[in-house]
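Hi there,

Here is the structure I promised to pass on to you. Please open it next to this email, so that you can follow along as you read.

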Amino acid sequence: MHKKNPAPQKTKAASQLKSFAIAGIGASAGGLEAFEIFFSHMPPNSNVAFVIIQHLDSKHKSLMASLLGKYTTMKILEAEDGIMVEPNCIYLNKPDKNIVIINRRLQLLEPEKSHALNLPIDYFFRSLSQDQAENAIGIILSGTGSDGTLGIKAIKGAGGMTMVQDEQQAKYNGMPRSAIDTGLVDYILPVEKMPEELINYLKHPFNNDDDTALSSSQQVQNYLQKIYALIRSHTGNDFSNYKQNTTRRRIERRMAVHQINHIGDYVRYIQQTPVEVEALFKDLLITVTNFFRDPEAFEILKEKVFPELINKISGNSSIRCWIPGCATGEEAYSIAMLFMETMDTLKTHINVQIFATDIDDDAINTARAGIYPEAVAADVSPERLSRFFIKEDDVYKIKKQVREMVVFATQNLIKDPPFSKLHFISCRNLLIYLDQVLQKKLLPLFHYTLQPNGILFLGSSESIGKFTDLFSPVNTKWKIFKSKGIVIEHDGEYPAIPAYDRSAVYPQVMERKMFGETNIRELAQKLIIEEYSPSHVLINDKLEILYFSGATEKYLNPPIGEPSFNILKLARPEIVIKLSTTLHKAIKNRSSVIHKNVIIEYHGSFHAFDIIVRPMNESTANKGIFIVIFSEKNMQNKMNKKATTVPQAQDDNQRVAALELELNSTKEFLQATIEELETSNEELKSTNEELQSTNEELQSTNEELETSKEELQSTNEELVTINAELQNKVDELSRANNDINNLLASTEIATIFLDTKLRIKRFTPTMTRIFNLIQSDIDRPISDITSNLNYNNFYDDSQNVLRTLERKEVEIQNTDNTWYSMRLAPYRTTENVIDGVVITFVDVTKIKQAEEHSLRLATIVGNFNDAIIIFSLDGMITSWNECAKKMYGYSEEEALRLNIADLAPLYKKQEIADTIEKIKTGTTVKPFKTKRLTKTGRELNTWITITKLTDSSGNMTSISTTERDLDMVQY
């Protein structure tokens, strides 16, 4: 099951006719270009209001209104406090304000300084989803970061529509990619196609002023059942017991997205398009959640509920929690963080196990990864961000100690077995999406899984209904309840699961409940109707009546004083002995017994009947369930004491004789029965003593077995869940290990990893060229391995890096005259723990050779008798040798600030410019004679030779001149 957003309460604006739509558009870097394209394609009379939210610098005034006015004739306004939103208008956010919308009026708020990051797009989108519900539209354009992602989730959770710019087109694709990664985007389009799709969507019956696209006709209901069947066939999940209004509106929205007007056409579409079944499934399971949702409720948990739970745990026991419908894991991690904070406050530590489950595999995978967009900083305080998260690029990652408290698994709450012996359950904003049938199953299920006084945490729009005998309120505002330990049964409303203390406190009620569940009453009625149709009762082997049928008042009367269901206490005095004898025989032999011709007086008349006791059937005989039937007979000579006819003497004698005969027969039978009972009683006493002893042993053994069984079931559930998570981790580690192996094998950088004792952990193949390594050298000390390096401080340098944690870099040479740049650095784990040394060797032989060549060339150039000058294509001098310094009088520092034209007399400056242009065009310039000026202003006759300098691609980068003083040569 999925956790859902609280059912959107339609506001006054949302309940009115949908006169026009309100679309929020979020953008950041690169957004201006996207806005221009979007509004140049949007008709000015589209009957849509647009609210643009950007990331703006509070120190600079935005020019968006004037720039955007060139591309649309719609009215462009800056958002003001309390302004009513109107159609065909564009509203721009202010740089230093957040915007919310309430009843279609914009309200400006100061950004919350308590959070590390202000996310204005998320802020507005969330309020838009609450105000407009399913009428909300969210659009994300170019931008960096992940602002808008949580807002997109909120709009989808409320049933709205979402659009995102194609990340291939976006100038900056951070925001579009983050939104698309949620899997909740309806349209991913180039900006120029967005307006057309938006207008088509709004024209659909789902968004017009008519009734909903799906009526309540029987035909529509049949189509809905077909859709449920397709989803169940594709995903294995049944939505037929979800609230019909919610599922119908989700289906209508999908029809609007695909421009399908009739539900029959949509059924055919999803039959032909399996991917749409998955999309509809995702729509029905919107994963709208966030960290510490309803902070006041979490504060109550931290201050009042969790301390009480922790203080009750003793020894090595653990606190067991269950988060059904955990979605992408935010609430599960919030609960884990809250427990850690509470334990820190109480200065204690107890193991906390949190089981978080959901039916959506994608959501569970996201939760397992524990990686969230930086937008979560809006919901988490800076202190918690610092303590429980690791910031990596533009995401936040849950720290290991929090992640290890939570076990995630895929589970269908309706049909899969629950966890047991729990102390805390958080099932928020899920029940509101289920009908009464499922709610009546789940609430007793939660009670069964909780230990006495365990806590149930529901959403603010949910309640326990009439199950007040199962839970007592802890906080009614935030729907926190405590489990009661004793249960009174409701008529047929509990699931068929055992409950602690029930049978002990209400044994008869529980047994009668069990008979109802196995249809024994119907079986008994059918049997009696077919064979006897007399009055009868059902009893157990303790002689307790479980069920009455027919007119039993002739044979049974309620006792005076304390009430009882014992059949012998209820039996009329004249039949107690006969009934007792018959019962004991039947129970002893587990077979049918009949006592015939029992006579009683009832309302002045004598009635004859048979007492029949028989087991119900083979399956129930072992359970000790019997039926007692009072089968009445027709007496040939029924006598009425109130008769006024005076009998004849002969008739009187016959009647007396018959009565005496019956009395003697009864006395003989009674005497035989008494003797038999006395004998049986003695045997039973002896047997009873043995049975009591055996029973005590069996009870003790049974209790131990029951406890072991529950523990094994619980352990098995946990192992299955943990095994699934570990398998996922193994797969991830295998892929990561393959990536690392391929990376290390493909790189030409020789790398070796040492542990804290300088033993070899891993090395790249290139490393074997430097050290004499083979694969079996793993775990050997590096000091045992020989190398071809002309360097003896390798081991000492490694120890120094471990001790000082400072990096070291040194250039060394091997015996083959190959040069390496050796870098030593501490090996840090993700928890910032030093776990060894990593050493890399980069081949810098070519660099060293180039340096030596450059050094020799620089020496030659420095001693050259001619001035050598290098300048850029714009004439700025970049190199100046020693001879140039002597020839012109400028130091190198002064020359590097000059343009080459500064060395020419005024009448020769144009000559230099023309020469540079010729060189740029590829014209070869032969050596020539010209004039130059020294620092003192003296003109020199110089002979110039020009050389074009190019890069490795042949592109000209600069110009070199060799200049000789002709006057000095002549001299």
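Below is what I found in two of its sheets.

Please keep in mind that this is a predicted model.

Let's start with a sheet of seven strands. It is open, its pairing is mixed, and the strands come in the order S15-S11-S10-S16-S17-S19-S18. S15 and strand S18 (471-475) are at the edges with a single partner strand each, so one side of each has no neighbour in the sheet. From one strand to the next, the twist averages 20°. Helix H14 (residues 361-369) packs on this sheet, where it touches S11 and S15. The direction of H14 makes about 160° with that of S15.

How do S15 and strand S11 (residues 352-358) run? They are parallel, joined by five bridges. One pair to look for is Ile 354, whose bridge partner in S15 is Val 406. Strand S15 (residues 406-410) is also mostly covered, with four of its five residues buried.

Now for the other sheet, which is open too and has five strands in the order S26-S25-S29-S28-S27, with antiparallel pairing. Strand S26 (760-763) and strand S27 (808-813) are its edge strands, and each pairs on one side only. Here the twist averages 20° from one strand to the next. Strand S25 (residues 750-754) pairs with S26 over three bridges in the antiparallel sense, and Ile 752 stands opposite Phe 763 in S26. Helix H25 (residues 794-804) packs on the sheet, touching S25, S27, strand S28 (819-828) and strand S29 (834-843). Its direction makes about 135° with that of S29.

Enjoy exploring!

Best wishes

Note on methods: Residues numbered from 1 in each chain as written. Predicted model: local features only at pLDDT ≥ 70, side-chain atom pairs only at ≥ 80, totals over all residues. Heavy atoms only, no water. Pairing = 2+ DSSP bridges. Helix = DSSP H or I, 4+ residues; strand = E, 2+ residues; numbered from the N terminus. Axes fitted to C-alpha atoms, helices over the stretch in contact; angles between N-to-C directions. Contact = heavy atoms within 4.5 Å. Buried < 20%, exposed > 50% of the residue type's maximum accessible area, 1.4 Å probe, protein only.
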